[in-house]
Amino acid sequence: MATRSSSTKKKKRPPPPSLRTLSKAEARKQPKPVAEKKVRTPAFLYVGSPEQEALLVEELGPSARAVGAGIVGAEVRRDPAFARQLLPAPRPISALTREALATALIALIDDAGVSPRAVHVFTPEMARQGSARKSAHPLAHDATALQEVLQLKVDGRREKGKLGPATPHLLQLLLLGPTEGLVSITDVTDGPFGKVTVGDALASWPVPFSGGRAVKETSRDAPSSAHRKLDEAMAWLGTKVTKHDVVLDLGAAPGGWTRVMRDAGARVIAVDRAALDSALAKDPLVTHLKNDALSIDMAAQGASIVLCDVIWTPDNAVVVAERVLKTTSVRAAVITLKLKDPIDWGTLQKAQHLVRDLPGNWTGRLKHLMANKLEVTLLLRRS
Ligand SMILES: C[S@@+](CC[C@H](N)C(=O)[O-])C[C@H]1O[C@@H](n2cnc3c(N)ncnc32)[C@H](O)[C@@H]1O
């Protein structure tokens with residue numbers, strides 16, 4: 001007769017969950033998402049910059065509340081300037097291990113009957129200290145590792161035919177702990193003003209950038225760190241600069257933006273009473289006009305791209321935008337609205353109306369970019 005201990009020995013026990021891939025059924029038995037424990041989550045989650053949550057809450061109205069660094073929940077679907085990413089219908093999700101979390105996310109995809117064309121795992125954003133590079137979030141490594149595991153699972157299932165061809169859906173996971181976060185699965189053809197082409201960041205909401213971050217932190221050799229704003233703005237616009245472009249750079253000194261455009265091969269007309277970086281001042285592709293930005297005739301300069309980073313009142317920036325829309329040679333514009341505390345919401349609303357009521361061949365957006373301080377950027381593109 002077999003003793004109790006020998007029968008236990010013979011029985012092959014499965015390794016603990018932390019050491020193996022969980023089956024779909026097991027994954028479903030993992031700790032339940034907090035939503036199922038009856039904790040209320042907002043209908044929409046907005047991702048913006050840390051330390052700007054109060055402005056985002058003010059923009060979104062009474063249903064909004066800050067839930068983390070740069071993260072605000074609200075019951076209304078809007079396109080606020082101070083948010084760069086939207087997570088509709090977020091659900092809390094957690095698991096004991098990274099592998100189990102990835103399996104639980106796959107189960108969610110299966111339940112939703114979609115085959116996401118993209119998966120984004122991201123952390124809240126870190127605050128910038130002065131003009132230095134942002135330091136990495138403590139969960140950055142977990143986010144990268146989970147993104148890889150999840151992408152491998154999605155690709156593997158697609159190869160095996162367990163997942164159909166990609167549908168226009170995006171899975172977003174905002175990681176709040178090593179193996180927990182808020183997940184949202186949404187149609188990427190949704191824009192703030194209706195259906196849009198997949199991948200057009202300027203028109204989409206949510207946008208195709210993980211966490212709303214259009215560019216990675218870079219350290220270009222440049223006269224100022226202002227190039228970060230322009231790199232990000234151009235990624236939102238999706239506009240490629242060529243040697244055929246004539247860029248009118250209003251408020252150009254010391255020349256960060258001028259340098260980016262000149263390096264892309266464009267001819268640049270740099271307008272500023274202040275001096276340009278000495279190398280740029282001698283550059284044959286750069287013309288320096290020591291004029292007032294408002295005195296410049298965009299059409300006479302043959303501008304195809306207009307940039308404006310002048311430090312002045314935001315209503316002057318709106319005047320520049322109105323001129324851009326009337327100038328047939330211009331195909332894209334990046335215009336900074338410098339703000340002051342307390343915020344001039346009236347002018348911001350005017351700028352929001354301008355992007356909502358654009359002529360048919362123009363697309364526009366007003367966004368607080370990652371590299372922006374107390375300012376927002378008006379982005380305009382003609383098709
Ligand atoms: C923030 S800086 C521009 C930085 C620039 N984008 C770069 O990448 O280096 C703002 C500039 O606006 C210029 N400015 C202020 N008022 C102006 C005006 N009325 N017309 C033209 N430039 C002006 C200032 O001289 C200053 O150089």
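**Notes on the predicted model: ligand shell, helix pairs and one buried threonine**

1. Starting with the ligand: 21 residues surround it, and A226, G251, G256, A293 and D309 are the closest. Bear in mind as you go through this that the model is predicted. By residue type, the shell around the ligand has 13 nonpolar members, plus four polar and four charged.

2. For the overall picture, the protein has ten helices and 17 strands. Of its 383 residues, 44% are buried. If you take the contacts with a separation of 6 or more, 63% of them link residues 24 or more positions apart.

3. Next, the pairing of helix 6 (residues 227–237) with helix 7 (residues 256–263). Their axes are 8 Å apart, and the two pack at an angle of about 50°. That falls outside the ranges for roughly parallel (under 35 degrees) and roughly perpendicular (65 to 115), so helix 6 and helix 7 are oblique to each other. The crossing of this pair is right-handed.

4. Which residues make that contact? On the helix 6 side they are H227, L230 and D231, and they meet G256, W257, R259 and V260 in helix 7. The residues of this contact come out as three nonpolar, two polar and two charged. G256 is worth a second look, as it also appears among the closest residues to the ligand.

5. The other helix pair to check is helix 9 (residues 314–326) with helix 10 (residues 345–356). Here the axes cross at roughly 15° and come within 9 Å of each other. With the cut-off for roughly parallel being under 35 degrees, helix 9 therefore counts as roughly parallel to helix 10. The crossing of helix 9 and helix 10 is left-handed.

6. Looking at the side chains of that second pair, P314, D315, V318 and A321 come from helix 9, while T347, K350, A351 and L354 come from helix 10. Sorted by type, the residues of this contact are five nonpolar, one polar and two charged.

7. Finally, a single residue: T186, which sits in strand 8 (residues 180–187). Is T186 buried or exposed? It has 21 other C-beta atoms within 10 Å, and 20 or more is enough to count, so T186 is buried. Setting aside neighbours within four places in sequence, T186 is in contact with P88, H169, L170 and P206. You can also check T186 against P116: they are 70 residues apart along the chain, yet their C-alpha atoms are separated by 8.7 Å.

Technical notes
Residues are numbered from 1 along each chain as its sequence is written. This is a predicted model: local features need pLDDT of at least 70, side-chain atom pairs count only at pLDDT 80 or more; totals for chains, interfaces and linings use all residues. A residue is near a molecule or strand if its C-beta atom, placed from the backbone, lies within 6 Å of it. Ala, Val, Leu, Ile, Met, Phe, Trp, Tyr, Cys and Pro count as nonpolar, Asp, Glu, Lys and Arg as charged, and the others, Gly among them, as polar. Axes are lines fitted to C-alpha atoms, for helices over the stretch in contact, and angles run from 0 to 180 degrees between N-to-C directions. Helices (H or I, at least four residues) and strands (E, at least two) are DSSP runs, numbered from the N terminus. Angles under 35 degrees count as roughly parallel, over 145 as roughly antiparallel, 65 to 115 as roughly perpendicular and the rest as oblique. A crossing is left-handed if the near helix is turned anticlockwise from the far one by less than a right angle, and right-handed if clockwise. Two residues are in contact if their C-beta atoms, placed from the backbone, lie within 7 Å. A residue is buried if 20 or more other C-beta atoms lie within 10 Å of its own, exposed if 12 or fewer, and partly exposed in between; C-beta atoms are placed from the backbone.
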